Amino acid sequence: MFTIDTVKEYYPFDIPAYFESYTKTYVHDETKPLVSEEEMTAVQNAVGLDESCFVFLRELNQKLFADPARNRAARFLRYVLFESRKPWENHIYAPVMFEVPGYEAGSVHLLFVTAALGYTLTVRKPPADLNAENIGAYRGYTTGYTNEHGHWGIGELHWNLLCAGGCMFLFNTLKFQPANFSDDYLVLTNGKEYRTLLIGAFGADKDGALTADETRTAFRTAELAETETEYIAHEISPDGAVSAHAAKFDKNTWKVALCSKDFVLGIHIPSKTEYTPEQHRASILQALEFYRAFYPDMEFKAITCWSWLYSPQNKHLFPGDSRILEIQRCVHLCPTTAVMDESLMFIRKGSSLQQRMASFRAAGNEYHAGYMYSPLSEAEVFGEYRHEL
């Protein structure tokens, strides 16, 4: 019987608790390499990289296969990452995900991304036209890494596993992927408006921003409490600030609109895109039409995004007529404790924005990533709902 104890020594990261549950359904086949020849060929034909890349990957794949215990660990990791789970659930944030002696981590990561893309191309089979950008991501990130390091490999592992998973596609100006609503917040509605409640206990600064820094903490929130008749929690205003005092919400009036079990469409914003409410609305409507047909068993209840673009602190960095702030006014902002700085890969180095962010932090402020949601009733007419920042 397969157990996690037989493979855990090969994982250079803290093993998530959910790994254990997948041992009950996993059956190891010692005759299989990490990447099948069918998958390798499918990726090679799709991405059009130099043949030497796939000569290298086949050699690495065979080297791993020749080490049965390590290959068993690699195949179980593959099973957990993308065979048994939804493609947007491949969350393993670790500098090194797997090791093969004699090979750089980036090369081993490329082998796993190749396995994921090969599985997508041969099993999931998303529409080729929609998947073209994900094919391009494999090609572009591999080329960029290889040019920089002098050997075949890939960077930004988590992002590239997501791209390879065949679930994230571009519609109009935005990329979308299925996801679950955050487990940090509960959203209530009375049929007309939405209220966002903070679920956990956190420190918050004087402006209502969450913080893990005790020296900045002005008050602490209590965990959400639920009785037979009401919810008791700290409310988050639409601009992302947490209230200092808990409020009560009568269940006769307020019903759950969004919780962690609900499916949503998460968005990613490509660079150099037309960033307007009108384009967002067109993108959302196109995406909903596709994903409702592609995943007919999923009921999507909102649009969400986790990004610096939805940081509640952005109102201190951008002019009032900024397009970034205009979009923020059209969604419900939620604070996070995730601290970010001006080294963000999505911000052009040396730009005025990077300088403003550096100055903001140098003045003693924290800058946090933000989470946003737009419930379906507002997302389908995106731009009609507005709030003040």
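This section describes selected helices, strands, loops and internal spaces of a predicted model.

Helix α6 spans residues 128-149 and comprises 22 residues. The distance from its first C-alpha to its last is 31 Å, close to the 32 Å expected at 1.5 Å a residue. The buried residues of α6 are L130, N131, N134, I135, A137, Y138, T142, Y145 and T146. Their cover is drawn from several elements, including the helices α2 (37-47), α3 (51-65), α5 (105-124), α7 (157-164) and α8 (277-294), together with strand β1 (169-171). Just after α6, G150 adopts a positive phi of about 80°. The loop between α6 and α7 also contains E156, a residue other than glycine whose phi is likewise positive, near 50°. E156 has a relative accessible area of 43% and is therefore classed as partly exposed, given that the partly exposed range lies between 20% and 50%.

A further positive phi outside glycine occurs at N172, where the angle is about 60°. N172 is located in the loop between β1 and β2 (174-180). Its relative accessible area is 34%, so N172 is also partly exposed.

Strand β3, residues 185-189, is mostly covered, with five of its five residues buried. In a regular strand the side chains alternate between the two faces of the sheet. In β3 both faces are covered: Y185, V187 and T189 are buried on one side, and L186 and L188 are buried on the other. Strand β3 has pairing partners in β4 and β11. With β4 (residues 194-198), the pairing is antiparallel and extends over five bridges, and T189 is placed opposite Y194. The hairpin formed by β3 and β4 has four residues between the strands, and within this hairpin G191 takes a positive phi near 95°. With β11 (residues 255-258), β3 is joined by three bridges, again in the antiparallel sense; here L188 of β3 faces V256.

A separate arrangement of strands is found in an open sheet of three, in the order β6-β5-β7, with antiparallel pairing. Its edge strands, β6 (210-211) and β7 (219-220), each pair on one side only. Strand β5 (residues 203-204) is connected to β6 by two bridges, and G203 has T211 of β6 as its bridge partner.

Two loop residues illustrate contacts between segments separated in sequence. L34 belongs to the loop between α1 (19-22) and α2. With a relative accessibility of 0%, L34 is buried, because the cut-off for this class is under 20%. Leaving aside residues up to four places away in sequence, L34 touches E39, N61, L64, N71, A74, R75, R78, L111, F112 and A115. Of these contacts, L111 is 77 residues from L34 in sequence, while the C-alpha atoms of the two are 8.3 Å apart. T227, in turn, is positioned in the loop between β8 (225-226) and β9 (230-236). At 34% relative accessibility, T227 is partly exposed. With residues up to four places away in sequence again excluded, T227 touches I232 and K251. The C-alpha atoms of T227 and D250 are 9.7 Å apart, and the two residues are separated by 23 positions in sequence.

Internal spaces were examined next. Rolling a probe the size of a water molecule over the atoms shows where empty space is left. A search of the whole structure yields one cavity of 30 Å³ or more. The largest cavity has a volume of about 30 Å³. Its lining consists of F82, P87, N90, A116, R124, L161 and G165, which divide into four nonpolar residues, two polar and one charged.

Among the pockets, the second largest has a volume of about 330 Å³. This pocket is lined by 17 residues, of which D205, D207, A209, Q313 and H316 are the closest to its centre. The lining of the second largest pocket comprises four nonpolar, six polar and seven charged residues.

Technical notes:
Residues numbered from 1 in each chain as written. Predicted model: local features only at pLDDT ≥ 70, side-chain atom pairs only at ≥ 80, totals over all residues. Heavy atoms only, no water. Expected span 1.5 Å × (residues − 1). Buried < 20%, exposed > 50% of the residue type's maximum accessible area, 1.4 Å probe, protein only. Contact = heavy atoms within 4.5 Å. 1 Å grid on protein atoms, 1.4 Å probe; cavity = no way out; pocket = protein on both sides within 12 Å on 5 of 7 lines; lining within 4 Å. Points joined across faces, edges and corners; volume = space filled by probe spheres on them. Nonpolar A, V, L, I, M, F, W, Y, C, P; charged D, E, K, R; others polar. Pairing = 2+ DSSP bridges.
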